[in-house]
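Trainee: I would like to learn how to read a structure feature by feature. Where should we begin?

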Amino acid sequence: MKNLNHFQTRPKVTPINATAYLKELGLMKELPSLNYLRLLHRRHLMRYPFENLDIHFRRKIMIDIRKIYNKIVPTKRGGFCHELNLLFYHLLVHLGYDCHLLSARTFKSETKTYGPEYDHMAILLNIQQNLYLCDVGFGDGMVFPKLLVTDRLQMDANRYFSFSVDPDDNYFLRKTNDTVNFEPVYQFQLKPREPIEFIDMCDYHQSNPQSSFVGKKIITLLTEDGRITLTDDKLKIAELGEVLEIPVLNDDDFYVKMEEQFGIAYQSLLQE
C-alpha cells in the first residue's frame, strides 16, 4: 500500500458556495464515494469548458479561488488547468473528500521532454485507502478519475490510460487508443502542493510566447456523445465516432461560433 501520511492533515480552503456549484452541475450533495466522484468529474467536464479566452483578451488570471469561482460557476465560462482543477479541488474538499493538489509536468511532443514543475495542476484523492487521480483541466483528457495503480490499462470512454513509476517515485500517465501505441501525458510525484506554488507558472502561461496558450485560442467541452472543440482555424464536432470539421473564416466567425456552441458572448469578454 502506498504511503498515505500526506493525507493526515485536512486542507484548509476558502469557503465557496458549494450548493450553487452543485446546482450548476445538476447534482445534489451526497456522501463521498467513488461513484459520486465519477459523476462529479464527468458533469464538470460537460458543464465548464477548457478555454484560454482571458489570455487573448488580456484579462489577468489569478490563483484566487474567489475570482475563479465568480468567473466560472455563475456563468458558462471555463478556464485552463490552474483554474478548473483548483475550483474542483475546493468543491471536493467541501464535500468531504480526502484530497490534495498535485504538480504535473506536461509532455511536450515537439521536444519529447516534460515541462517544468507546476506546468499543470491535478488532484489526488484517497478513497478507502486507494489513490485516485482527478483532472478536469486537461482539455481532451480523462473523463473519469483513474485508480493510481501501475501497469494496468484503465478504460476511459473511447481510450485507455495507464500509469508507470520509476525508482525515484516519478509517476507517468500515458494514454492509448489501441492498447499498442502509447502517448505520454504528464509526469508527477505524490507530493502535496499549495495553490500559491502554481502562481509563477500560471503567469508564464498567460504571457510567455512559448506557451501554447498564448499562441492560439481554444475552447473544448465534453458532450453526451463526444466533444466540441473550437480553435482559431476550425470547429470540430465529434459525435458517436463521427467527426465534422468546419473552417473558421476569421475572428468574427470564431466569436459567432463561440456563442452558438458554448454560450459565451463576445461582449462578456470585454467586461472587467
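Mentor: Begin where a helix stops. Gly26 follows α1 and has a positive phi, near 75°. Keep in mind that this is a predicted model.

Trainee: Which residues other than glycine have a positive phi?

Mentor: Gln129 and Asp151 are two cases. Gln129 is not a glycine, yet its phi is positive, about 70°. Gln129 sits in the loop between β4 and β5. For Asp151, phi is near 55°, and this residue belongs to the loop between β6 (146-147) and β7 (154-156).

Trainee: Are Gln129 and Asp151 buried, partly exposed or exposed?

Mentor: Compare the relative accessible area with the cut-offs: buried is under 20%, exposed is over 50%, and partly exposed is in between. Gln129 has 44%, so it is partly exposed. Asp151 has 67%, so it counts as exposed.

Trainee: Back to the helix, then. Which residues of α1 are buried?

Mentor: Ala18, Tyr21, Leu22 and Leu25 are the buried residues to look at in α1. They lie on the same side of α1 because they cover an arc of only 95° around the axis. The face turned away from that buried side carries Thr19 and Lys23, which are exposed.

Trainee: What covers the buried residues of α1?

Mentor: The cover includes α2, α4 and α5.

Trainee: How many residues does the largest nonpolar core have, and which of them have the most contacts inside it?

Mentor: The largest nonpolar core has 49 residues. Those with the most contacts inside this core are Tyr21, Leu40, Leu91, Leu92, Tyr97, Ile123 and Leu125. Helices and strands both contribute: α1 (18-25), α2 (34-47), α4 (65-72), α5 (81-94), β2 (98-108), β4 (120-127), β5 (130-134) and α6 (199-207) each supply at least two residues. The largest share, eight residues, is that of α5.

Trainee: Take one of those residues, Leu92. What does Leu92 touch?

Mentor: Leaving out residues up to four places away in sequence, Leu92 touches Leu37, Leu40, Tyr97, Cys99, Ile123 and Leu125. Another core lies apart from the largest one; it has 16 residues, including Leu102, Leu131, Leu133 and Leu148.

Trainee: Can charged residues be looked at in the same manner?

Mentor: Take Lys146, in strand β6. Its relative accessibility is 2%, so Lys146 counts as buried. Setting aside residues up to four places away in sequence, Lys146 touches Leu131, Tyr132, Leu133, Gln154, Met155, Asp156, Phe161 and Phe163. Asp253 is a further case, in helix α8 (residues 251-262). With 15% relative accessibility, Asp253 also counts as buried. By the same sequence rule, Asp253 touches Pro247 and Val248.

Trainee: And how is empty space found?

Mentor: A probe the size of a water molecule is rolled over the atoms, and this shows where empty space is left. In this model, the second largest pocket holds about 490 Å³ of space.

Trainee: Which residues are closest to the centre of the second largest pocket?

Mentor: Of its 19 lining residues, Asp54, Arg59, Lys71, Arg77 and Gln271 are the closest to the centre. α4 gives the most to this lining, with four residues.

Trainee: How many residues of each class are in the lining of the second largest pocket?

Mentor: The lining has nine charged, five polar and five nonpolar residues.

Conventions:
Residues are numbered from 1 along each chain as its sequence is written. This is a predicted model: local features need pLDDT of at least 70, side-chain atom pairs count only at pLDDT 80 or more; totals for chains, interfaces and linings use all residues. Side-chain values use heavy atoms; hydrogens and water are left out. A nonpolar core is a set of buried Ala, Val, Leu, Ile, Met, Phe, Trp, Tyr and Cys residues joined through side-chain atoms within 4.5 Å. Buried means under 20% relative accessible area, exposed over 50%, partly exposed in between (1.4 Å probe, protein chains only). Contact means heavy atoms within 4.5 Å. On a 1 Å grid over the protein atoms alone, a cavity is a set of points where a 1.4 Å probe fits but cannot get out, and a pocket is an open set with protein on both sides within 12 Å along at least five of seven lines; lining residues have an atom within 4 Å of a point. Grid points are joined across faces, edges and corners, and a volume is the space filled by probe spheres set on the points. Ala, Val, Leu, Ile, Met, Phe, Trp, Tyr, Cys and Pro count as nonpolar, Asp, Glu, Lys and Arg as charged, and the others, Gly among them, as polar. The arc is that of the directions from the helix axis to the C-beta atoms.
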